[in-house]
Amino acid sequence: MYIYNMSRNLLILCVFCASFFFGKHTTIAQNEPLKQELNLKQPPYLKAGDTVAIVAPAGILKNRKAEIEHAKALLKRWGLHVEVGTHVFNQGRHFAGTDDERCEDFQKALNDPKIKAIWCARGGYGSVRILDKLDWTAFKENPKWIIGYSDITAFHNQVHNFGIQSLHAMMCTSLQDEPATIKETIDTFKTALFGASLKYTLQGSTYNKSGSVSAPIVGGNLTILHTMLGSETSIDTSGKILFIEEIGEYKYHIDRMLQSLKRAGYFNNCKGVIIGDMTKIKKNTTPWGSSIEQLILDVLSEYNFPIAFNMPAGHEKDNRALILGKTAVLNVSKNQSTLVFK
């Protein structure tokens with residue numbers, strides 16, 4: 001009996017130790033950041049005769065037919081063919097059709113080999129609702145450009161994690177403005193889409209944190225980046241330059257999202273940060289007490305990477321194209337910053 005009890009206790013001890021060791025090891029492995037290839041696959045640049053699909057994966061396009069017509073005309077002037085999704089003008093409560101309808105249009109564009117780029121009509125909200133409904137098999141085998149900003153950041157994250165570049169640029173509804181007032185927005189979209197040289201000189205800022213780095217650019221809308229945390233669509237920023245922009249938030253909301261990203265390790269191995277437009281920041285009854293620039297610097301104060309403000313990209317008329325996943329050289333000083341895509 002004594003021997004039996006001793007053997008039994010020894011067995012329990014061994015099981016406990018094994019569980020502790022392997023359980024702990026598993027936890028560490030789950031918390032390690034996903035190491036991704038820095039050289040992402042580039043979809044073919046467009047050429048005359050190629051076809052672009054216009055789809056609406058998110059917000060409703062009520063009374064926006066004129067903008068879609070302008071978008072079609074713009075692409076045709078560039079020598080491109082256009083296909084508009086069957087359900088683009090549908091309404092499914094808050095969205096441009098039901099989840100299944102929006103998914104159907106996007107899936108068709110992903111699968112069709114003659115479609116070389118998928119241009120999102122608008123953002124708003126809704127992209128995340130169809131991410132997991134889509135079959136990305138054909139896209140992974142034959143990548144094509146996915147284009148948009150704001151809510152479309154969800155798609156940018158998704159394809160980035162597949163190791164494929166995408167295009168943060170204007171959407172069809174951007175053409176509610178007269179073309180002459182958004183010339184840089186349109187010109188840089190075309191430049192990026194057709195593979196011409198893309199480079200920017202940014203206005204200087206006393207808030208800039210000087211430095212130079214060469215790395216792929218990732219990111220997009222801050223709210224979407226924040227809501228992706230903890231999911232398979234959250235991106236690894238290790239060895240990369242993070243771009244962020246935002247619209248319609250309180251300063252304390254922006255601080256809360258940045259703090260959340262920070263606690264999740266978003267900035268630990270980041271190589272640099274580019275701040276785009278922070279548009280229509282709301283006023284709280286209790287003032288924050290500093291500028292939005294200082295708020296960002298306070299969150300990132302412990303890191304040594306360069307930080308560039310005044311990137312004209314986001315929810316303003318001047319919304320210049322960025323090739324997400326493509327390596328660029330960022331040089332930052334107080335006087336000016338330069339961003340040159342390799």
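## Exercises on a predicted model

Glutamate 246 is buried (under 20% relative accessible area with a 1.4 Å probe, protein chains only; exposed is over 50%, partly exposed in between), yet glutamate 246 has no salt bridge, and the nearest side chain of opposite charge, lysine 282, is 9.7 Å away. A salt bridge here is a side-chain nitrogen of Lys or Arg within 4 Å of a carboxyl oxygen of Asp or Glu. Lys and Arg count as positive and Asp and Glu as negative, with His and the chain ends not counted.

This is a predicted model in which local features need pLDDT of at least 70 and side-chain atom pairs count only at pLDDT 80 or more, while totals for chains, interfaces and linings use all residues. Residues are numbered from 1 along each chain as its sequence is written, and side-chain values use heavy atoms, with hydrogens and water left out.

**Exercise 1.** Find the side chain with which the side chain of glutamate 246 makes a polar contact.

*Solution.*
- Step 1: locate glutamate 246 in strand β8, residues 241–247. Strands (E, at least two residues) and helices (H or I, at least four) are DSSP runs, numbered from the N terminus.
- Step 2: list the contacts (heavy atoms within 4.5 Å). Beyond four places in sequence, the residues touching glutamate 246 include Asn221, Thr223, Ile254 and Asp277.
- Step 3: pick out the side chain of threonine 223, at 2.6 Å. A polar contact is a pair of N or O atoms within 3.5 Å; within protein, one must be able to donate a hydrogen and the other to accept it, and residues adjacent in sequence count only if both atoms are side-chain atoms.

**Exercise 2.** Decide whether leucine 131 is buried or exposed, and find what it touches.

*Solution.*
- Step 1: leucine 131 lies in helix α4, residues 128–131.
- Step 2: leucine 131 counts as buried because its relative accessibility is 3%.
- Step 3: leaving out residues up to four places away in sequence, leucine 131 touches Trp136, Ala154, Phe155, Gln158 and Thr233.
- Step 4: phenylalanine 155 is 24 residues away along the chain, and the two C-alpha atoms are 7.4 Å apart.

**Exercise 3.** State which elements the buried residues of α10 pack against.

*Solution.*
- Step 1: in α10, residues 292–299, the buried residues are Ile292, Leu295, Ile296, Leu297 and Val299.
- Step 2: these buried residues pack against α9 (251–263), β9 (272–279) and β10 (307–308).
- Step 3: for the whole protein, buried residues make up 51% of the 342 residues.
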